[in-house]
Amino acid sequence: MKKVKAIVLAALTLMVTGCGMQGTGANGSILGGILQGGTLGNVIISVIGAQKVTAQDLIGSWTYSGPGCAFTSEKLLAQAGGEVAAAQIKEKVLPYYQQIGITSQNTNITFKQDGTFAATFRGKAMNGTWTYDEASSKVSLKSLLLNINCYAKRNYTGIGLLFESSKLLNILQTMAALSGNQSIQSVGEISKTYDGLRVGFDFSR
């Protein structure tokens, strides 16, 4: 853990000083956001499973708040450049989500105590059942049309539901009916650039 913190701190320092910034500008804002969110020990918030999510944590109604991403291990997070890289990936994905109309007004999910869920994606409703494996952080959503597997993680404002790049691409293409949209294909390409990356959606209460 100490080694990961040291690597991340070095990456942050190089990115800020290497661009001639002293905590200002785009990268400076990212750095400031990290420090305001807590200590550098909190950068593992971008590692799936680093901060356990229980089934009880998921229960309730959640509203889309922006793109989400995380890595499958602390090692891969550090290799990619730490929390700075995670923030930049979200910034790259956001325009594509905006282009197909994903907003907080039309995208949400409710996990119910009885094992059912109700969700809307771009205003399209989906209902079914859900199960959660705490050991792997894997959420399984089953409906009449789709069976979806994703991974839950904590974030600063709530939870993230994240997917393997190919699975996210399939979901976006199917539910948004945009299988030929090149901008959607780009989401998958971004994910392939980083080893062990999961991309999806952040939600808040």
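Biologist: What makes β2 and β3 a strand pair?
Modeller: They run antiparallel, and 4 bridges join them. Two strands pair if DSSP finds at least two bridges between them. With 4 bridges, β2 and β3 therefore pair. One detail: threonine 110 stands opposite alanine 118 in β3.

Biologist: What kind of model is this, and how are its residues counted?
Modeller: This is a predicted model: local features need pLDDT of at least 70, side-chain atom pairs count only at pLDDT 80 or more, and totals for chains, interfaces and linings use all residues. Residues are numbered from 1 along each chain as its sequence is written, and side-chain values use heavy atoms, with hydrogens and water left out.

Biologist: What lies between β2 and β3?
Modeller: A turn of 4 residues; the two strands form a hairpin. In that turn, glycine 115 has a positive phi of about 90 degrees.

Biologist: How do you know that β3 and β4 pair?
Modeller: They share 6 bridges in the antiparallel sense. By the same bridge rule, β3 and β4 therefore count as a pair. Alanine 119 has methionine 126 in β4 as its bridge partner. These strands also form a hairpin, with 2 residues between them. Arginine 122 in that turn has a positive phi of about 55 degrees.

Biologist: Which residues of β3 lie on its covered face?
Modeller: Phe117, Ala119 and Phe121. The uncovered face carries Thr116, Ala118 and Thr120.

Biologist: How many helices and strands does the chain have?
Modeller: It has 7 helices and 8 strands. Both are DSSP runs numbered from the N terminus: helices are H or I with at least four residues, strands E with at least two.

Biologist: Why is tyrosine 64 called buried?
Modeller: Its relative accessibility is 6%. Buried means under 20% relative accessible area, exposed over 50%, and partly exposed in between (1.4 Å probe, protein chains only). At 6%, tyrosine 64 therefore counts as buried. Phenylalanine 201, at 5%, is buried too. Over the whole chain, 47% of the 205 residues count as buried.

Biologist: The search finds 7 aromatic pairs. Why is the pair of tyrosine 64 and phenylalanine 201 called edge-to-face?
Modeller: Their centres lie 6.2 Å apart and their planes stand at 70 degrees. Rings of Phe, Tyr and Trp (its six-membered ring) pair if their centres lie within 6.5 Å; planes under 30 degrees apart count as stacked, over 60 as edge-to-face and the rest as tilted. So 6.2 Å makes a pair, and 70 degrees makes it edge-to-face.

Biologist: What makes this a link between distant parts of the chain?
Modeller: Tyrosine 64 is in strand β1 (residues 60-71) and phenylalanine 201 in strand β8 (residues 197-204), 137 residues apart. Both residues belong to one aromatic cluster with Tyr97, Phe121 and Phe163.

Biologist: How do you know that arginine 205 sits over the ring of tryptophan 62?
Modeller: Its charged end is 3.8 Å from the ring centre. The term requires NZ of Lys or CZ of Arg within 6 Å of the ring centre and within 35 degrees of the ring normal. The distance of 3.8 Å therefore satisfies the first limit.

Biologist: Where do cysteine 69 and cysteine 150 stand, buried or exposed?
Modeller: Cysteine 69 is buried at 0% relative accessibility, and cysteine 150 is buried at 1%. The structure holds 0 disulfides, a disulfide being a pair of cysteine sulfur atoms within 2.5 Å.
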